[in-house]
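Visitor: I would like to learn how to read a protein model with care, moving from one feature to the next. Could you guide me through this one?

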Amino acid sequence: MSAPAKALLEIDELSVRRGDVMAVDQVSLRVEERAFFVLVGPSGCGKTSLLRAVAGFEPPVAGTVRLDGRMLAGEGVFLPPEKRAVGMVFQDGALFPHLTVERNVAYGVARRPDRNERVGAVLDLVGLSGYGGRYPDELSGGERQRVALARALAPSPALLLLDEPFANLDAALRQRVRLEVKAILDRAGATALLVTHDQEEALGLADRVAVMAAGRILQEGTPQEIYRAPLSLGVSQIVGDGQLVECRIADGRARHPLGETPTTLPDGEGRVLLRPEQLRLVGPGEGAAGRVLQRSFYGHDLVHLVELEGGPSLAVRSLAGDEAAIGERVFVAVAPGDLPVYPAPSGEESAAQ
């Protein structure tokens, strides 16, 4: 049996205040060595403040940050960014426009005797050998981000922090560049902490994910755990295309328009979470009847919006070719398996949603 992975970054009860707001509120996290850890949440939830506190740009008001056992912040210690052995890639890359690619990458290793060899090695790692003499405005958006990554990796940091690094790229380029970055970091054996509001990015890149809202961590786990079994209504709304449908809980069963699912919740009103890919169009009498209101085509698949008779409207994801006409009467069933069930939200929670 293999030994458990070492926790490289340890954050304990960390709090960061911005003005009158507690941007980070008693957050604890462990990031294992060589892991790609992603913090996901809506804008303003505190994820960038947390990242900046780890980098040394924001002083915490409470809690501690340790890297490889060394105290970075807390207990009377607050190391400046340059003393932390932490690299950072910003949303816009933050390259120096007047410097060549080579000189941008060399910026953090200018005093190393092997500077030229190190710059060449990281440019090769990110697939930009031969680009050293170019300037940032001569590069594509994806190339600029790879230069920013090379610059952050050049000093061989113990930890790499990435602040929404793909947000300024167009959709097609974003998908390609983030996969390239993940492959580069895997080859480098790097430990990375990325923050994003993009749930697809979080689920597609992460070894582990933490979902954040209002300065707190709501849930942490593997992407599969977070997506398939969100612990709360809040997490279900942040991660995935969740559809919350009213249900009635009685005798350990949650009864909803598409059937029933087991639950340990007490009797009463509840909500069941349905994902579009868990639903399917079936033959007459095999599911709940409804009528197609809309149809959205995405090439490899399509989504029908179906209004159930006497019930809610549900998005149903199907393979391309399994098309129903707008206005057509169809039948909807849910795939076998347990579904997440939650208590009905309180009045305050309902207003927030």
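**Reading the model step by step**

Guide: Let us begin with a single contact, in which the side chain of His304 reaches the backbone nitrogen of Ala324 at 3.0 Å. Please keep in mind from the start that this is a predicted model.

Visitor: Where does His304 lie, and is His304 buried or exposed?

Guide: His304 belongs to strand S18, which covers residues 301-308. Buried means under 20% relative accessible area, and His304, with a value of 0%, is therefore counted as buried.

Visitor: Which residues is His304 in contact with, once its neighbours within four places in sequence are left aside?

Guide: The list includes Leu281, Val292, Gln294, Arg295, Leu314, Asp322, Glu323 and Ala324. Taking Leu281 as a case, the two residues are 23 residues apart in sequence, while their C-alpha atoms are 9.2 Å apart in space.

Visitor: Turning to confidence, where in the chain is it lowest and where is it highest?

Guide: The mean pLDDT is lowest in helix H9 (residues 347-352), at 44, and highest in strand S4 (residues 62-67), at 98. Over residues 348-353 the score stays under 50, and for that stretch the model has three contacts beyond four places in sequence. The chain as a whole averages a pLDDT of 92, with 97% of the residues scoring at least 70.

Visitor: How many helices and strands does the chain have?

Guide: The chain has nine helices and 21 strands. Of its 353 residues, 46% are buried, and of the contacts between residues at least 6 apart in sequence, 63% join residues at least 24 apart.

Visitor: Which residues of the largest nonpolar core touch the most other members?

Guide: That core has 45 residues, and those touching the most other members are Val105, Leu149, Leu153, Leu160, Leu162, Leu185 and Val211. Helix H4 (residues 141-153) gives the most to this core, with six residues. Apart from it lies another core, of 29 residues, with Leu29, Leu67, Ala73 and Val86 among them. To see one member of the largest core in detail, look at Leu160, whose contacts beyond four places in sequence include Met88, Val89, Leu149, Leu153, Leu185 and Leu193.

Visitor: How should I read a charged residue such as Lys47, and what is its nearest side chain of opposite charge?

Guide: One looks first at burial and then at possible partners. Lys47, in helix H1 (residues 47-55), is buried yet has no salt bridge, and the nearest side chain of opposite charge, that of Glu164, is 4.1 Å away. A salt bridge requires the charged atoms to be within 4 Å, so the pair of Lys47 and Glu164 is not counted as one. A polar atom of the Lys47 side chain does, however, lie 3.0 Å from the backbone oxygen of Gly41. Beyond four places in sequence, Lys47 also touches Val195, Thr196, His197 and Met212, among others.

Visitor: What can I learn from the backbone angle phi of Glu164?

Guide: The general idea is that most residues other than glycine have a negative phi. Glu164 has a positive phi of about 45° although it is not a glycine, and Glu164 is found in the loop between strand S8 (159-163) and helix H5 (171-188). Asp68, likewise not a glycine, has a positive phi of about 55° and lies in the loop between S4 and strand S5 (70-74).

Visitor: Which of the terms buried and partly exposed applies to Glu164, and which to Asp68?

Guide: Glu164 is buried, with a relative accessible area of 8%, whereas Asp68 is partly exposed, at 44%.

How values were computed:
Residues numbered from 1 in each chain as written. Predicted model: local features only at pLDDT ≥ 70, side-chain atom pairs only at ≥ 80, totals over all residues. Heavy atoms only, no water. Core = buried A, V, L, I, M, F, W, Y, C linked by side-chain atoms within 4.5 Å. Buried < 20%, exposed > 50% of the residue type's maximum accessible area, 1.4 Å probe, protein only. Helix = DSSP H or I, 4+ residues; strand = E, 2+ residues; numbered from the N terminus. Contact = heavy atoms within 4.5 Å. Lys, Arg positive; Asp, Glu negative; His and termini not counted. Polar contact = N/O pair within 3.5 Å; in protein donor to acceptor, adjacent residues only side chain to side chain. pLDDT = per-residue confidence, 0-100.
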